[in-house]
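Visitor: I have a chain to look at and some questions about it. Please show it to me first.

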Amino acid sequence: MYTTLKAQFAHHGIWLIITKKSVKNINFRMKPNKLYVSIPHLLNPNQAISLIESRLAWAIDVNAKLIQQNTAQTSPILWGRPLDIQAYCDKNGIKTDDIKLSNTHKQNLLMVIYRQALQGKLPILAQTWQPIVGRCASEIRLKKMTTRWGGCNTHSARVWLSIYLAAYPYECTEYVFVHELCHLHHANHSKAFWQSVEQAMPDYRKWHNILRQRSI
């Protein structure tokens, strides 16, 4: 019943969780990458869908703010492992201005590190997965996206990847790249689309679930 609605939210990196409860009014509770909705047992399904759909823009905005707050409060990680920002910068020739980095400076450097780390993976990412999927991206761009993990322009075959992917195991980046390439076969999230994803990457659900269940 809510499949299309959930796909609409998932397109923006938000996992929609709907539960029927003994409540008088529909309730919304936002967490990073998750929207919990409690609906009254007697609420008409079509009315519920309309009310939830009307909160999409709000959910996208609040989710982006929650992700930014969460990123600032957590210890830095790269490819799923703890990251010593100063040591990484020293090793990779990234200049730092402060002996003791402020939180704001650390976050700015982290974005530089994420972009550099992902940029270094792009050649092997394309060489490995484009032949498997059977489609090629005309260009792969990195973008600071907080509401989506990736994007694909099916007309130009241009693919975008969120730089926040560098915080997760590299396989998560591979999954998102495969996901976006498969949109060049199917410009939707139909059953055929997911079959093409699974054919290219049989264990995609593992990496998909990591990104869905954890915040950036």
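Guide: Here are short questions and answers about this chain.

Guide: This is a predicted model, where local features need pLDDT of at least 70, side-chain atom pairs count only at pLDDT 80 or more, and totals for chains, interfaces and linings use all residues. Residues are numbered from 1 along each chain as its sequence is written, and side-chain values use heavy atoms, with hydrogens and water left out.

Visitor: How many helices and strands are in the chain?
Guide: Helices (H or I, at least four residues) and strands (E, at least two) are DSSP runs, numbered from the N terminus. By that rule, the chain has 8 helices and 8 strands.

Visitor: What share of the 216 residues is buried?
Guide: Buried means under 20% relative accessible area, exposed over 50%, and partly exposed in between (1.4 Å probe, protein chains only). Of the 216 residues, the buried part is 44%.

Visitor: Which strands are the edge strands of the sheet with the order β1-β3-β2?
Guide: Two strands pair if DSSP finds at least two bridges between them. This open sheet has 3 strands and mixed pairing. An edge strand here pairs on one side only, and the two are β1 (15-21) and β2 (27-31).

Visitor: In which sense do β1 and β3 pair, parallel or antiparallel?
Guide: Strands of a sheet pair through backbone hydrogen bonds, in one sense or the other. Lysine 21 has proline 40 in β3 as its bridge partner. Over 7 bridges, β1 and β3 (residues 34-40) pair in the sense called parallel.

Visitor: At about what angle to β1 does α1 run?
Guide: Axes are lines fitted to C-alpha atoms, for helices over the stretch in contact, and angles run from 0 to 180 degrees between N-to-C directions. Contact means heavy atoms within 4.5 Å. Helix α1 lies across β1 and β3, and its angle to β1 is about 140 degrees.

Visitor: How are α1 and α2 placed relative to each other?
Guide: Two packed helices are described by the angle between their axes and the distance between the axes. For α1 (residues 3-10) and α2 (residues 45-53), the angle is about 5 degrees and the axes are 11 Å apart. Angles under 35 degrees count as roughly parallel, over 145 as roughly antiparallel, 65 to 115 as roughly perpendicular and the rest as oblique. So α1 and α2 are roughly parallel.

Visitor: Which residues make the contact of α1 with α2, and how many of them are nonpolar?
Guide: From α1 come Leu5, Gln8 and Phe9, and from α2 come Ile49, Ile52 and Glu53. Ala, Val, Leu, Ile, Met, Phe, Trp, Tyr, Cys and Pro count as nonpolar, Asp, Glu, Lys and Arg as charged, and the others, Gly among them, as polar. The contact has 1 charged residue, 1 polar residue and 4 nonpolar ones.

Visitor: Which residues of β6 lie on its covered face?
Guide: In a regular strand the side chains alternate between the two faces of the sheet. The uncovered face of β6 (residues 139-143) has Glu139, Arg141 and Lys143. Its covered face has Ile140 and Leu142.

Visitor: Which helix packs on the sheet with the order β6-β8-β7?
Guide: This is an open sheet of 3 strands with mixed pairing. Its edge strands are β6 and β7 (150-153). The packing helix touches β6, β7 and β8, and its direction makes about 150 degrees with that of β8. That helix, residues 170-182, is α6.

Visitor: Which residue of β8 stands opposite arginine 141?
Guide: β6 and β8 (residues 158-162) pair in the parallel sense over 5 bridges. Lysine 143 stands opposite serine 162. Opposite arginine 141 is tryptophan 160.

Visitor: Which residues do salt bridges join into one network?
Guide: A salt bridge is a side-chain nitrogen of Lys or Arg within 4 Å of a carboxyl oxygen of Asp or Glu. Arginine 141 forms one with glutamate 139, with the closest N and O atoms 3.0 Å apart. Arginine 158 meets glutamate 139 in another, at 2.9 Å from N to O. Through shared partners, the network joins Glu139, Arg141 and Arg158.

Visitor: How many salt bridges does the count come to?
Guide: Another pair is arginine 205 and glutamate 198, at 3.2 Å from N to O. The count of salt bridges comes to 3.
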